[in-house]
Structures are given as structure tokens and as C-alpha cells.
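Here are a few exercises to work through with the model open beside you. Try each one before reading its solution.

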Amino acid sequence: MYNTLLNSQASISKLPAELLSNIFLLCQAVGSPRSYYSFALAASHVSRHWRTVSLSTPLLWNNIKVSKRALNPLARLEAHLSRSDDCFLDIFIYTPLQDIQPIMNLITQHSERWRRLTLVTDHDQLTTIQSCLHNSSTPRLEHLSLQIGITQEHNSPRSRYPGECPAIFSQGAPSLQFLRLGGLALGNLAPPAGSISTLDLDGFERYFMEPSQFVSFLETLPSLVNLSLGQLCIHHPRNPFQITKQVELPLLQSLRICGPCTSPHLALSLLVLPQLNSLILSELESFHSPVFPSVKELSLDACSFDEGAATNILLAFPSIAELTMDPLVPAICSMMTIPADMMDSRTPWPSLQTLTIREMGSSDVARLSIMVSTRIASECGIRKLRFDRRTRTTLRKKQCFDWLKEQMTLENCDQPDTWPVGLGYDDPLDLTILLCNALSTVRGTLSGGSASSRAMSTVALVTPERTKASGKLALQQRSLPLILFLILRPYIAAIRLRLAAPQIHPSPLPPSSLVLRVPDTIMSTRVVKLAVISDFTCPSCFVVQHELTAAMDYCKDNLELPLEFQFQHMPFRLIGAKCLEPGNTVERTKFYNCHLGEERSQSLRQCVTKWGEEKSIPMCVAPFFELLRFFEWYTDRPVGSTWNGVIGHTTNAHRLCYKAAQLGGQDAQLKTITAIFTASMVDAKDISDIKVLAEVAESVELMTKDKALAFLQTDELEAEVNKVADAARAKGITGVPVTVIDCKWAVSGGQSSDVFVQIFKKLAATNVGSSPSHLPGPAVPTQICA
């Protein structure tokens, strides 16, 4: 009662229900960094007043998302369906269940309210879905995406798509405009096609389609405006003299072809597209096509074309006015360069006005500068350049951004382009395909200043108080920002992940004139072997891992040193079996004080804290974490401090790193090491717990949590870890970290990235071994000894 009385007197409780309902809808519209996080559910669990308002707002519940990680999917579906009243429904279901009959029975009872329906399954659910959708009444359905999993038995031999498909929605779907068929849904389900304007066919490489099938299918779509063909294999006719008729799509304006698939030439040769304006090519290695003079917009997404394919593209689409490359295709850029003696009639793409480039590397800056300068000199200059954040940063570091800004208009294009253009809403399945496949180089969900990060930057937090009686939150005056913070807590986690990413801040380069380098310069590459002896309970090891990773990235991406790094993780155990029984843990502070002494432990803590503050590592003094201490009651773990929590044996953590190297090589091992250090040093988790390590393995997409637990419960790779750890002690190593370079030099302690950068510079310049000298001091001078 006391909390209820305090809540009723808070300012937030005095807002009219209509205004609070609108605030809820605005918060939900921002979106969530986690697909399984529901704002509606979180808002309904804050207080009685909030629950009453949220339950009386049907539009909070009509957007239903059930992902693979959702708990109790049936209960969530029932809650959303009952609380959404008679509103239209936007349903996205991605389920790994082998039996989805209960889910289908539940949602088909509300088929008349469907507006958008997306079903993704990992198993063959074709019969269940077909039987449930056959007689469903869908007068409002506008968007339908069906991605049905294909079991292993379909992998061989190559099969032909069925000639006739069972119909679904026998009562018709008069409003259906968007249709996506993937996996077993393609060729096995046939919805009404009369009003469809957007079609996405996501094929499977073990299935093929005859040209006559392809033509007959498209002939039933007279209103088609947007067409996407993904991994669609079309066989050539068995009879080479057989003439296959073409299909004319008079309204088609946008076409997307995604690989890997057979050559797009056959599919394009079957299509007559008089109004085709936009073409997207994704993940293709070769290209040949008939001429399409009407195409004005061309997008090349993750394509690796050689000079032959680039020439074919120039000839097939002579009227390009807007070109997008993600990343930049060197062969296309070279073809666009106009020599001084080239005749006007042979100028490549004379109508090109806008060029968009994403994820451009530093090695392509010279090629882009030469192309732009030659087109300006030939009076066929590009009027507008559009760059994403990474490309802008690369151009600034190469002193080219300001020069380009003087020549033409520059615009930002940080967000990926949606397909089709002007869809008007987020298509979750298509965004997943784009981000996971075509845009795999995108660095993070918050890069470029997303709406969620901008929303979080304006949140002001106040201190909550607990009542002595029950310990529950009592809402205080000016508590709206607090409540918003609690509801949007997952955004904090996303920001923390971004802050934890290795960063390096080099000194600014002196201004200089634009220097165009020869792009085909051949430099010999030296292999640098790096062996880091470390333990996950050591803060100095966390420092050196972060600094070494940042130095490696800086030398490759910024300095472009001709070096190839081979990284090797060498396990070391500060806590042995004699110090602590396996399975037991010890307080982190007590362990450091015991091994270093209180004075040295305090000094190490101050050094690591200062380093974390300078590098924006989310430790005890990083942004948000002083504030998060006020809300420790809301979290299920300690609030990120290097000295919080307990520590134990790290043998299993080292085993997981070895397993990462086996499964994914050096890159997977580096990601796993960073994630384990973050769990130990930032999140203060007990990494001797195999459940924590399983979560780490799942977070870096190394393996599923169940597979990780199964591996960690065995003794696989334990002998290898023990052998290396014992060998390190036998060679006289008693403290970590130790970084061994080319098996010749050992750099001990938590050194800064400047130390490693200078060493790498010297190795790249001399290409012979010599001991480094005159180096800056370490970032963290203390080395922890066993």
C-alpha cells in the first residue's frame, strides 16, 4: 500500500492515460536492439497504472514477434492476440520447433486480422502450413513471407521444382501485394497472385527450375513492379535448338538478383522489361546480359567482378545515372576512368550523376581519386558522391575528403537501402538477409547514429529509492526519465558492446596535398607471428589483448603496412590446483591483494581504471556505469567493475579459445578471447562457470549454447591446454602478460598500442629482425605473477 500511495503521487502517474499511451507507442516505434525484447510486456510490468494503460492500448500488442529465443511462444501469442482487440496484426514468427501445429492453429483463428504475416521454420513444416492456410480468410493480408526449412534429405540429388502447387487462401487474398517464397515454400505453395506487385523468390541450390516453369509462373503476375531472384537456378533447355518463349512484364521497374546461383544471363534473356529502371546485383562473381537501355540505377552489393564482367556490365546498361558499390569494385572503377585520348562516343556511362560507395578500404582511395579527377577533366564529372561512415573516415585519413568536397556535393548514406524502395515499413526477413549476407561488413547496430542511440543520448536518469518494507521501487518526482531508462535497458547493453570494441586514436596527420599513388604497386608481405601468454583473470592481460588488437588493426587499415599477422593464444594459469580446489572460486579483490599486496593491487587498479577511462572501455568509471550502480537492483549481475565478483580456474576458458581456433581460425579465436575478457573484466562474471562460457560462445556465434555446454563438459583439448601452460612455467615464465614476437623478442606487461605499432613499423621497414628501442612506456606497468 505504501508503494501504491507513493506511485499515485508521482508526476508520471498524473499524466492523462491518453498521453501516457501515446508515449508508449512512441517508445515502441523506436524499435528494440533485441528481437525477443517486447516493450509492451516490459511496460505492463512496471506498475499497476502502467499495466492498466498498456493493456487498454491495443496498438501496443498488434505487432507480434516470436523469435527463436522467445520463451513460451504460445503464451506470448495468446497474450498479444487477446490484448490487440480487433486491430490488424503484423506477425513475425521464427521457430525452431519441429511441430508448429499449435502455433498455426492459434494464429489462423485471427486470419481475418492479418495485415503482414512472416513465417520462418528450421524444419520441414510444409504440410502443416499448407493445411492451415488453405481455407484461411485473409481480406486484409498485404504482406506474406514464407521461409520453410529444408532438411538434409533434400540436399542430394538435384531436384526439379514441382510442376503444380497446392493452393493456399482458397477464399482469396484481394489485398496481397508483397509475396516472398523461400526454401520449400517455393514451388510447393501457390497463393493468389492477381494483385501481387512485389515478388521475392529465395531458391535453394539443390533445386532447379525449367525455363518454361519460370516463364509460366511470371505470366500469372501481370501487376508485378518489383522482382527479386535469390539463389534461383534455371536450367538450360536439354535441346540446344529449343526456343523458349519470353515473358513480358510491362510494369516491372525494380529487379534484384542475389547469388550464389547460375549465371543471371539465362533469367534475363527470358524477360522483356521495357520499364526496368533499377537493378541490384548481389554476391555475384560473373555477369553477362542482354542490353537494357532503360536501366538508370545500378547497385553492386558484395560482387567480385573481373574486367570481363565489368565490361559486360558497361555494355548491358549504357544509360546508368546512379551507381552504388558496396564495397567498391576495382574493375568497375577502372572501367569508369576516362583517359585523355578517349573519344566522346566511347565514354563509359556519360550520364552518371550520382555515385554511392560503402565500406571502402584505404587501398581503393587512390583508384577512386583518379577516376573522379579524369571524369572531371573530360566534362563527364559526377555531381554527387554518397559515402557511409567508414568510407568518410578512410577518405579523411587519406586527405581526400576535403578535396572531393570542393569538387562536388557529398552526402551521407549510413543506413542500408531497403528493398523495394518506398516499401513504407520494415521487412524483418529481408533486413536479416541483407545484414547477415550482403552487408556482413557493417560494424554494429549503433554505427552511424541510429534512432535508438540518439534516443538514449537524451535520457536523463534520476536516483530510485527502495522502501525498507519490501525493497520495491517507489516512483519519485521527475521519474519519467528513470522509467524510460528501465524499459530501454537493452539499449545500454548495445552501447556497452560498442564501447568495449578496440579503438585506437592515432595522432593527426600533417596537412598535405593530394597524392595519387599507383594502385597496382606490388609490395612483399611479411608474416609476423604473435604469441600472447595470458590468463583471463589478469587485468594486465585484458589491457595487452585490447592494445595489441588495436595496433594490428591500425597497421593494416590505416598505415597499410605489408604485414600479415598470425596470432596464437598461449594459456597460462595464475590460479593453480594447489592454490584453489577445482570448482571453487575466490573473491577477486582478495586474490589480487594476496598475490600483489594491497599497495600494488591498489596501484594496478588505479592504472587499469585510468586506462579504461582513456580508451572508453566500459569499466567502473565508464559512461553509464556510475549511473547503472543506482539500478543494480534491476540487473541480474554486478554492474561492470574489474574488481567485482569472483574468479576461479580458467582451464575451460582456454579450452574454448582453442576450440574457436579449430572451428573458425584466427578471427574466431580473437573474437572469443575478447568476449571472455569482457565477461570477466567488464561484466564481472565467473568465467570458471561453463554456463557463462557457453553464453560467450553463443554471443560470438561460435556455436550454440547447448553445443558449447556439451563440449565444455568433456575433457576435449584439456591435455593441450595443460601441456602449453606447464611448458610456459617450465621455461621460467611466472608472470603475465608476455607477448612473443616472431619467436625472438618478448614484450612483458600491459604495453600500449604505440609500443606494438612502433615494433610493427620497424619490422615492415627492415624486413629483418632487430630489437626495438626508444619505445614509450607501458599502458599498465604492473605484471601479475603466479
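**Exercise 1: the packing of helix 12**

Task: find out what the buried residues of helix 12 pack against.

Solution. Keep in mind that this is a predicted model. The buried residues of helix 12 meet three helices, namely helix 11 (330-336), helix 13 (389-397) and helix 14 (401-407), plus strand 16 and strand 17 (384-387). Next, pick out the residues behind that packing: V365, A366, R367, L368, S369, M371, V372, T374 and R375 are buried in helix 12. Now check the length. Helix 12 covers residues 365-377, so 13 residues, and with 1.5 Å a residue the expected span is 18 Å. From first C-alpha to last, helix 12 reaches 18 Å, close to that expectation. Finally, step just past the end of helix 12: E379 has a positive phi of about 60°.

**Exercise 2: S21**

Task: is S21 buried or exposed?

Solution. Start by placing S21, which sits in helix 2 (residues 17-30). Its relative accessibility is 12%, and the cut-off for buried is under 20%, so S21 counts as buried. Then look beyond the neighbours within four places in sequence: S21 is in contact with V53 and T57.

**Exercise 3: how far to trust it**

Task: which elements have the lowest and the highest mean pLDDT?

Solution. Begin with the whole protein chain: the mean pLDDT is 77, and 77% of residues reach 70 or more. Among its elements, helix 16 (residues 451-457) is lowest at 29, while strand 16 (residues 354-357) is highest at 95. Then go to residues 620-642, where pLDDT is below 50; the model gives this stretch 61 contacts beyond near neighbours in sequence. Residues 767-777 also stay under 50, with 24 contacts beyond four places in sequence.

Terms used: Residues numbered from 1 in each chain as written. Predicted model: local features only at pLDDT ≥ 70, side-chain atom pairs only at ≥ 80, totals over all residues. Heavy atoms only, no water. pLDDT = per-residue confidence, 0-100. Helix = DSSP H or I, 4+ residues; strand = E, 2+ residues; numbered from the N terminus. Contact = heavy atoms within 4.5 Å. Buried < 20%, exposed > 50% of the residue type's maximum accessible area, 1.4 Å probe, protein only.
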